[in-house]
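Please open the model in your viewer and keep the selection tool at hand. The tour proceeds from stop to stop, stating what to select and what is found there.

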Amino acid sequence: MRGQGPKAAAEHDYEGAPLMPDVHSVSRETRSMPVPDGLEGMRVDAGLSRLLGLSRTAVAALTEEGSVQIDGSAAGKSDRLTAGAWLEVAFPEPKRELTVEETPVEGMKILYADDDIVAVDKPVGVAAHTGVGWTGPTVVGALAAMGYRISTSGAHERQGIVHRLDVGTSGVMVVAQSEHAYTVLKRAFKYRTVEKRYHALVQGHPDPSSGTIDAPIGRARGNDWKFAVTADGRPSITHYDTVEAFQAASLLDVHLETGRTHQIRVHFSAIRHPCCGDLTYGADPRLAERLGLERQWLHARSLGFAHPADGRWIEITSEYPADLAHALDLLRHV
């Protein structure tokens with residue numbers, strides 16, 4: 001890990017994919033049959049593609065997860081088929097389409113809107129969109145309830161979503177209204193031409209006061225919902241500057257070069273300066289209680305990007321919500 005000095009960055013976005021479930025632990029459709037004579041000698045991926053009407057890529061994915069068996073043994077995609085051998089293929093359970101609940105969200109403000117985009121001030125406790133295991137309020141549902149027409153690009157439950165904020169993180173978030181804006185903004189986030197700035201209140205005083213943390217992030221061992229700095233993680237780079245220093249904490253301006261899940265929380269925890277209130281990543285519960293924090297002090301402060309319609313630079317800023325502002329006031333008046 002390199003956390004010393006602003007020149008420590010290397011070249012190198014959030015998408016923490018959920019872990020794949022055990023393929024044998026869910027209900028699956030299984031088809032069994034002898035291998036037809038016409039497939040004798042063919043590769044498994046080519047033969048089953050013809051037999052089942054699937055792409056070779058889809059068959060290869062089934063073999064990789066152990067879902068294709070020949071005579072009781074797992075088959076690889078490049079294995080050869082033998083006529084008359086007993087074939088068993090377990091198909092994944094069809095994905096359940098998640099619905100968008102058009103539900104107003106108290107405290108969610110519109111910061112900017114035109115025919116192409118709408119930027120919101122997302123409160124804490126609100127997800128970007130519906131997901132497996134999440135039944136609470138969402139940005140997509142709130143915008144629908146407010147009458148905004150969102151781009152139909154993307155999966156049904158997250159149409160128009162070009163980036164996300166954690167449920168426990170407040171701040172500015174932009175959503176595409178037009179199909180053109182969706183395409184342009186997705187590309188902008190992918191190629192990191194969007195300026196994403198966060199403010200974070202961390203425990204103690206990082207040394208140096210301005211610097212870069214360059215450390216790969218992956219899933220924490222034994223915990224599906226927590227992340228950590230890991231040797232085999234995805235490259236992750238966080239730049240920071242100290243805005244204000246207090247006796248027990250420091251307010252930082254954070255610029256993300258990459259955008260991994262929980263990146264800021266993980267990186268500052270790794271250098272022993274966790275976000276105040278972030279008990280998941282090692283924050284002091286006594287300090288959190290003293291500051292009245294029931295979540296991590298982390299706020300998506302601003303987004304800057306080229307407007308998808310005409311290319312003009314636009315920057316949208318979100319003010320601190322009441323709980324975060326209150327914590328700062330307490331520190332300033334110690």
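A charge is said to sit over a ring if NZ of Lys or CZ of Arg is within 6 Å of the ring centre and within 35 degrees of the ring normal. The model is predicted: local features need pLDDT of at least 70 and side-chain atom pairs count only at pLDDT 80 or more, whereas totals for chains, interfaces and linings use all residues. Residues are numbered from 1 along each chain as its sequence is written, and side-chain values use heavy atoms, with hydrogens and water left out.

**Charges over rings**

Select Arg 301 and Tyr 320: Arg 301 lies over the face of Tyr 320, at 4.9 Å from the ring centre. Next, select Lys 226, whose charged end sits over the ring of Tyr 281, 5.6 Å from the centre of that ring.

**Aromatic pairs**

Two aromatic pairs are found in a search of the whole structure. Rings of Phe, Tyr and Trp (its six-membered ring) pair if their centres lie within 6.5 Å; planes under 30 degrees apart count as stacked, over 60 as edge-to-face and the rest as tilted. Select Tyr 240 and Phe 268, an edge-to-face pair with 5.5 Å from centre to centre and 75° between the planes. Tyr 240 belongs to strand 12 (residues 237-245) and Phe 268 to helix 5 (residues 263-270), 28 residues apart. Helices (H or I, at least four residues) and strands (E, at least two) are DSSP runs, numbered from the N terminus.

Are these two rings buried or exposed? Buried means under 20% relative accessible area, exposed over 50%, and partly exposed in between (1.4 Å probe, protein chains only). Tyr 240 is buried at 2%, and Phe 268 is buried at 0%.

Now return to Tyr 320 and add Trp 297: the ring centres are 5.2 Å apart and the planes stand at 75°, so this pair is edge-to-face. Trp 297 is buried, with a relative accessible area of 0%, whereas Tyr 320 is partly exposed at 23%.

**The sheet**

Finally, select strands 1 to 4, which form an open antiparallel sheet in the order 1-4-2-3. Two strands pair if DSSP finds at least two bridges between them. At the edges are strand 1 (29-34) and strand 3 (73-74), each paired on one side only. Three antiparallel bridges join strand 2 (residues 68-70) to strand 4 (residues 86-91). Among the residues to select here is Val 68, whose bridge partner in strand 4 is Val 89.
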